[in-house]
Every structure is written in C-alpha cells, then in structure tokens.
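Got the viewer open? Let's take a walk through this chain, one selection at a time.

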Amino acid sequence: MRIDIRLDPSKLRGWQCEVVTALRARPGCDVRLSRGTANAGLPKSADTLLWLERTLFHAEHGALATGAAWPDLPAAEDDWSPDLRIDFCGDGTSEGTAMGVLSLRCDGEEPEAGALAAVLDERAPSMHTCLALDGAVRILSVWRPAVENRRSATAALGMLLGRAAHMLVHDAARLADGIPGGSLAAPPLPETLDRSAASFFTTSLAARVRNRIERQLGRAPNWFVAWRDRVGGDELPVIGPAGFRRLADDGQRFYADPFLWEQGGKRYLFVEEFPYATGKGVLSLSDIGSDGKATTPRVIFETDCHLSYPYLFEHDGAHWMIPETSSRRTVELYRADPFPDRWTLHSVLLDNVDLGDATLQKVGDIWWMFAGSRERWTSSWDALSLFRAPSPFGPWQPHPGNPVLVDLHAARPAGRILDIGGRLVRPVQNCDGLYGAALGFAEIRTLSSQTYAQTLSASALPWGDNSGLHTYNRSATLEVIDLFGPRG
C-alpha cells in the first residue's frame, strides 16, 4: 500500500514520528511524506505547565518530544498516487482524489487538543479514527485509553498521544492488509470541566505533597487479599463486604492477585507477595483450613524479575502455572514439581512481548490466551490481546485484530474465566481513575480467528475506605478478591 503522511515540519512531535517509523517498517508499505500546515497545537499555558513539571519533577516523555528532524523519507511527488493519506494537519478530506484519508479525533477534537483537555479535567477520553473516502466518512475504531499517572500532565498527555500513534498504525495496517473496516457510531462527547493548566498544577502539587507525607508516615494505602466461604452457585458472583476476611500482613509487604486451588481436601491460596524492602514481587502460598484460618503465606517461587498473577490450571495430569513475567517481555509456563511448593520452567510460550495477566481458556479444540498488552508509550491497563494455539504448549499465534479491545473499563483480565450456564464470562479490571479501581464481568459474545466481542454484564465496586478491587477467583468452597485501601 502507498501511504502519504501529511505533517507540519514546524510542529513535529515524537508520537507523529512514531507513526512514520512504525509504518515504514511494515512490509509492503511504501511511505512518503507531504508538508502541510497544522492547527495551533498546544496553547502557551500547556507549554508552561510542561516546563514546570520538567523543571521541578524532571518529567519527560518521548511522545511529546519536539525538534525532531524531518524524517528521512521520499517526498510525495505531484505524480505519485497514494492509496491512503494519514493526515496530521486537520483537514480530514480527500480533496477530490480517490485516496482515503485517515485521521484521529480525541473527544471530537484534534488529538493534542482533545488529549490536553482530558488531562486537565483528569478524565478518560475517547479516541476514534475516521476514514474519509468518496465523500463519506466512516469511523473505523473507537478506543478508551488509560493513563497511569493523572497527576502528571507530562506522563498523562504523553501516554494518550502514544496510544493515538498506536491507533493510527493499527488501523492503517489493517487497511493495508485488506481487512475492511465497518462504520461505528461516534462516541458521545464528554462533559468537560474546562480546567486551566494553572488549576491542574496547583491541585497536582498538593496531591504529590500529601502522598509523599502518607508514604513517609507509612499510611499510604495498598493492596490486600480477602476471602470468604463461597456464596451461591455457578451464577454471576455478587461481591460485597459480607463474609470476607482479610489475609493478614506484617506491614512490610502487601498481597494481591489471589488464585485458589482445592485438591485432596486441602485449600490453597496463591498470591503475589510484594516486599517493600526489595520492590519485586514473588509468589507465595497460604493454606486455608476447614476452620477458615489461613496460614501466613510462604514464598514458593521467585526469579530475577517481578512475578504476579499466578494463573493455575491442570492439563495432562499435571499442574501448570503462568505467572506474569512482563518485566522481561515473556510469557512463561511452569510445571509443578511437585505441587504446590515447587515450580520448574517448562517453556517460554511467547517472547519479546509485553503481556500481563495471561489467562487461558479452552473452547472446543482451541486454547485461547487473553492478556493485557502494552505498546510503546501506552498503558497496560486498557488493551486486550488474544492468542490461539492447539494446546497450552503452543505454538501461540496472535489474533489479527490485536489489540481486540482498548477500553480502560473492561480490557485487562482480572481472574479465571467463569462458565456460567454455558456462557463464558471474563472478570475484567475497570481502571478508570486508578489501577484496578473496580471489577467488571464481561460476557464473551464472539470469539473467532477474525472477530472478538464482549458485553459488560455486571460490576462490583470497592466498599468503605477502599478505593480498588481488581481480582476475583473462586473454587468449590471459597471466593477470593483483592482490595486497595488503608493498611490493616
């Protein structure tokens, strides 16, 4: 496919150059550049805010970098006929030609202006891509991206523009591969607060000071695990404070990502243990007796990288675990040797990928892997990618639509997939405003080699002084969650 990328040399930023670099690297894409005149860009007040954060907090972000050299690519000559133009200059028209014009809107505005407004209001925006062709405009994709630090304008704006770059490359690549795009409804425009950059800075500074004091005094909230006797049958869980007991910690660590396993009359609780002294997660195991008492978790598995989300399953008469090892860009499979205290590496299922919370589900003869995915400059809180294989040992092939969903409310896995009367329901994380702010339960509607669709059917909110709830699992007799709140 011949792709013309229209840029303003005076307003080049890192996220725009990322689109050029990524598409240039794709086989079969002939990428050339044309010059245009962009709209005003970020206002002076935003430049001042970014300068203050850079000066006071050493905040930098590659997506916002300016002063990049004009990319070393051929210019779009007058007699060159591109199939697609990616327009960074805001006209969004095909100018009477046969080519399509791909552009992106953030809350209905130009990407930088829309993203800045969302950052200042501390809310999650919607992004959508538009394809203008033959006098008509189609909306190809609608994404709801996350930011991981709403108190930093630099980090938040950079992450949103990083996702904008990823979205443009994703949809351009699908068009280049001949995958037709439907026409979606435009997302509703948000209610805006129209906060100023100055107001954002003063509020952010106060929050930074408050958080620093809480950490110094040991009062900062953190994750903890709670369990209860199982309530109800195989229906959707109803989660509230009734019956849950907290897994005690000594104040020197937190516990999260709980998974349950019952076997031979014994009940095992696997958790991520995060010692503050090392700043690196390990996997630990607690036994829950018939009297409802839990033993102090003991470390059963640690490596040279951070470990979390100990996804467990049984296959071919053996016990298996896929812990999250995203910090070394792998998905690894371990075998119990013996269960439950010793685990030996069996194979690396996927390499050179940034995937979190890998969760397996067998459907017919196909094994599916659901995982939270991260691209350069984007969050791992908002994207779902799928892989399929004939067995849990692989070979694992990516879904052609990856990421099949970008939505901070319902993308990232939050526990084992539930079979509820023949319906597959995914526990999912809602990360609007906070990592793991709440739980959702999403019914899988379509799962095929070409298409994925789900519907959010229920949700569960934290209670009391807690502000996060992000994992749910159950076994024959127990239910387990984790919560983010005051230290016990």
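## First stop: a salt bridge between two strands

Select Arg-423, which counts as partly exposed at 34% relative accessibility. Keep in mind as you look around that this is a predicted model. Now add Glu-443 to the selection: Glu-443 and Arg-423 form a salt bridge, and their closest N and O atoms are 2.9 Å apart. The pair links distant parts of the chain, with Arg-423 in strand β23 (residues 423-430) and Glu-443 in strand β24 (residues 438-447), 20 residues apart. Is Glu-443 buried or exposed? Glu-443 is buried, because its relative accessible area is 9% and anything under 20% is called buried.

Next, select Asp-107, Asp-121 and Arg-123, which are joined into one network by salt bridges that share partners. The count for the model comes to 31 salt bridges. Side chains of opposite charge can pair when their charged atoms come close.

## Second stop: Arg-298 and its two partners

Pick Arg-298, partly exposed at 30% relative accessibility. Which residue forms a salt bridge with Arg-298 at 2.8 Å between the closest N and O atoms? That is Asp-287. Asp-287 sits in strand β11 (residues 282-287) and Arg-298 in strand β12, 11 residues apart. Asp-287 is partly exposed too, at 24% relative accessibility.

Now show Asp-341, whose side chain meets that of Arg-298 in a salt bridge of 3.0 Å, N to O. This pair also links distant parts of the chain: Asp-341 is in the loop between β15 (330-336) and β16, 43 residues from Arg-298 in β12. Asp-341 has a relative accessible area of 36%, so it counts as partly exposed.

## Third stop: the sheet around those strands

Color β9, β10, β11 and β12. They make an open sheet of 4 strands in the order β9-β10-β11-β12, with antiparallel pairing. The edge strands are β9 (253-263) and β12 (298-301), each pairing on one side only. On average, neighbouring strands of this sheet are turned by 35° against each other, direction ignored. Strands of a sheet pair through backbone hydrogen bonds, either parallel or antiparallel.

Zoom in on β9 and β10 (residues 266-275): 9 bridges join these antiparallel strands. To find one bridge pair, select Phe-254 and its partner in β10, Phe-274.

## Fourth stop: two buried loop residues

Select Asp-354, in the loop between β16 (343-351) and β17 (355-363). Asp-354 is buried, as its relative accessible area is 19%. What is Asp-354 in contact with, leaving aside its neighbours within four places in sequence? Show Ser-326, Arg-329, Gly-372, Ser-373 and Arg-374.

Then jump to Gly-36, found in the loop between β2 (30-35) and α2 (44-57). Gly-36 is buried as well, with a relative accessible area of 13%. Leaving aside neighbours within four places in sequence, its contacts are Arg-6, Leu-7, Asp-8, Pro-9 and Cys-89. For a distance to try in your viewer, take the C-alpha atoms of Gly-36 and Thr-325: they are separated by 44 Å, with the two positions 289 residues apart along the chain.

## Last stop: a nonpolar patch

Finish with Leu-205, which lies in helix α5 (residues 197-216). Leu-205 is partly exposed, with a relative accessible area of 35%. Switch on the surface and add Val-209, Ile-213 and Leu-217: together with Leu-205 they make a nonpolar surface patch of about 340 Å².

Technical notes
Residues are numbered from 1 along each chain as its sequence is written. This is a predicted model: local features need pLDDT of at least 70, side-chain atom pairs count only at pLDDT 80 or more; totals for chains, interfaces and linings use all residues. Side-chain values use heavy atoms; hydrogens and water are left out. Patches are made of residues with over 30% relative accessible area and no salt bridge: like charges are joined within 9 Å, nonpolar side chains (Val, Leu, Ile, Met, Phe, Trp, Tyr) within 5 Å. Accessible areas come from the Shrake-Rupley method with a 1.4 Å probe; for residues, only the protein chains shown count as cover. A salt bridge is a side-chain nitrogen of Lys or Arg within 4 Å of a carboxyl oxygen of Asp or Glu. Buried means under 20% relative accessible area, exposed over 50%, partly exposed in between (1.4 Å probe, protein chains only). Two strands pair if DSSP finds at least two bridges between them. Axes are lines fitted to C-alpha atoms, for helices over the stretch in contact, and angles run from 0 to 180 degrees between N-to-C directions. Contact means heavy atoms within 4.5 Å.
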